[in-house]
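Please open the structure in your viewer and keep the selection panel within reach. The stops below say what to select next and what is there.

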Amino acid sequence: MGRQLGLLIDRQGRVDMLIVGDPTAIYIPELSRARLGEMRLRGLRLLHTHLSAEGLSQEDLMDMVSLRLDSVAALTVSDYGEPLMLHVAHVVPVSELAGPDAKPYDVLPPVRWDRSDVDFAALVAALEDEFARAERSQAEDKGRERAVLVSVSREPRIVQERSLEELAELARTAGLAASARMVQRVATADSRHILGKGKLQELEVLCLQTGAQIVIFDQDLSPSQLRNLAETTERRVLDRTQLILDIFAGRATSRAGKLQVEMAQLKYTLPRLVGKTPAMSRLMGGIGGRGPGETKLEIDRRRVRERITKVKKELEDVRRHRSSTRDRRAKAGAPVIALVGYTNAGKSTLLNTLTGSSVMAENKLFATLDPTSRRIRFPREREVILTDTVGFIRRLPPDLKEAFRATLEELESADVLVHVADASHPEAVEQITAVESILAEMDLGDTPRLLALNKWEVLTAEQQEIMQRLYPAGIPVTALERRGLIPLVAAILGRLPVDALVGPVQGAGAAAPQEDSSPDDWLADWEPGSGVVQ
């Protein structure tokens, strides 16, 4: 025939499939996912012929890894079709201590076809036990599911790696362990899988090496790309937006926050309710309503749209309630100070230190989702309202930004914005620029604004000098130290409207400050955290 022949054989020795290829290769069709778990093998081994003296090719080995076959064997034959040599390889679990160059397979020495003594049943049983031990060890060591982080972009590699650092923090916040990373720079991403065939095989190797059950992409994937990747890798696939939504869903506590997250999730899910063929999309029609009726797909879509409409109405109620709350604050005459900044910059810690509160503050992204307001009495009996808001992030999903509009509206009524930045972060400049860009998009460019350079004590003297040159108006602060916040409080009082600093609040007996007095004079006897009104 002049063609390669292949047999897929199950663990009982029965032929599951006969494959006829061309002179140089065979093409394995789509295989059933039955018997295939996250860590175990497929339960099939491939035996195929090579019409030359060549042993197992790299493509043979990668097919074995990507399809998770028990083993692959190549039988070389003579010009007359007589069997000659047998080449066998099988997958192996790769230990973390083996190093990054360790291969997820083992190639056995070639032997004459009639001298092979490989006991495939015993080999597979040993491999399954080893995979199971590796899986249990990984679960015990980490206690978290493992994920491979992937970036496919036109950006330079260093930019992609920095973005993956943030994605790793998002994964950690979601309770995942980032076990490996992959970066590919492309001019145009593949429309079907976003990754090319070679990179897909490399991704499968990484997943096997690290025991990863989840693949997270730093880019937003189309519905078809998500579906194709899940089918190809046979693992859970998430994109950046879905990961952020999962974090928000786990962190939302108030009714408003839960509604906002649900709205974003529904908008994300709706275009991803896709049927297998256009024939599945058909509505009841014809005279008298005759027709096939709604499919399950249309019922799901209709329910999602109905739920979106209902959540929109409930969010409008939330906006009206918050609007009336802001109106009452305005009538009371208490100025509003809003803390804004990149996520995990230290806004909640600063609020706790200034007001003596116990708002949740963690070293994780998006620890705060719902706005938290506290009234605090500054020197000379001046009361202000200090508001902590949800943190910003680069490439914030549009649906999420729209859903959290009610939260971000708190910023519109602020008299002063305090931009809290993590000065110790390697990408502090990029984060500050991202926040300023988002504030400009929200038409808040004219609101008085202060830049608080947090975690100043972590910087070296050289780094402090660089930050002061870049941001001469920035105020160095340490959010954990009360006395170190006095310069920031003085700057806040200096930016408040004059009418907010004149006269006692709510009948307090303190005299108004003299015209020639400065905020520094008012702070002489003030202790941060004192006079807080919850």
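Before selecting anything, it helps to know that a residue is called buried under 20% relative accessible area, exposed over 50%, and partly exposed in between. It should also be kept in mind throughout that this is a predicted model.

**Helices H7 and H8**

Select Glu-262 and Arg-307, whose side chains meet in a salt bridge with an N to O distance of 2.6 Å. This pair links distant parts of the chain, since Glu-262 belongs to helix H7 and Arg-307 to helix H8 (residues 296–332), 45 residues apart. Glu-262 has a relative accessible area of 22% and is therefore partly exposed, and Arg-307, with 26%, is partly exposed as well.

**Strands S8 and S11**

Next, select Glu-145 together with Arg-236, and look for the salt bridge between their side chains, at 2.1 Å from N to O. Here too distant parts of the chain are linked, with Glu-145 in strand S8 (residues 145–153) and Arg-236 in strand S11, 91 residues apart. Glu-145 counts as partly exposed because its relative accessibility is 32%, and Arg-236 counts as partly exposed at 39%.

**Strand S9 and helix H3**

Move on to Arg-181, which forms a salt bridge with Glu-165, their closest N and O atoms being 2.9 Å apart. The two residues link distant parts of the chain, Arg-181 lying in strand S9 and Glu-165 in helix H3 (residues 157–173), 16 residues apart. With a relative accessibility of 39%, Arg-181 counts as partly exposed, and so does Glu-165 at 45%.

Stay in strand S9 (residues 176–185) and select Ala-180. Is Ala-180 buried or exposed? Its relative accessible area is 12%, and Ala-180 is therefore buried. If neighbours within four places in sequence are left aside, Ala-180 is in contact with Ala-147, Val-148, Leu-149, Leu-206 and Thr-210. A distance drawn from the C-alpha atom of Ala-180 to that of Ala-168, twelve residues away along the chain, should read 9.8 Å.

**Helix H5**

Now select helix H5 (residues 223–233), where Gln-225, Leu-226, Asn-228, Leu-229 and Thr-233 are buried. What do the buried residues of H5 pack against? They pack against two helices, H4 (197–210) and H7 (255–269), and against two strands, S10 (214–217) and S11 (236–239). Just after H5, select Glu-234, which takes a positive phi of about 55°.

**A nonpolar patch on the surface**

Show the surface and select Met-1, Leu-5, Leu-18 and Val-20, which make a nonpolar patch of about 440 Å². Within this group, Leu-18 is found in strand S2 (residues 15–20). Leu-18 has a relative accessible area of 58% and therefore counts as exposed.

**A ring and a charge**

Select Arg-45 and Phe-120, and turn the view until Arg-45 can be seen lying over the face of Phe-120, at 4.4 Å from the ring centre. How many aromatic pairs does a search of the whole structure find? The search finds zero.

**A network to finish**

For the last stop, select Glu-166, Asp-218, Arg-240, Arg-394 and Glu-427, which are linked in a network of salt bridges. Over the structure, the count comes to 20 salt bridges, among them the pair of Glu-262 and Arg-307 where the tour began.

Notes. Residues numbered from 1 in each chain as written. Predicted model: local features only at pLDDT ≥ 70, side-chain atom pairs only at ≥ 80, totals over all residues. Heavy atoms only, no water. Phe/Tyr/Trp six-rings, centres within 6.5 Å; stacked < 30°, edge-to-face > 60°. Lys NZ or Arg CZ within 6 Å of the ring centre and 35° of its normal. Buried < 20%, exposed > 50% of the residue type's maximum accessible area, 1.4 Å probe, protein only. Helix = DSSP H or I, 4+ residues; strand = E, 2+ residues; numbered from the N terminus. Contact = heavy atoms within 4.5 Å. Patch = residues over 30% accessible without salt bridge, like charges linked within 9 Å, V, L, I, M, F, W, Y side chains within 5 Å. Areas by Shrake-Rupley, 256 points an atom, 1.4 Å probe, with all protein chains shown as cover. Salt bridge = Lys/Arg side-chain N within 4 Å of Asp/Glu carboxyl O.
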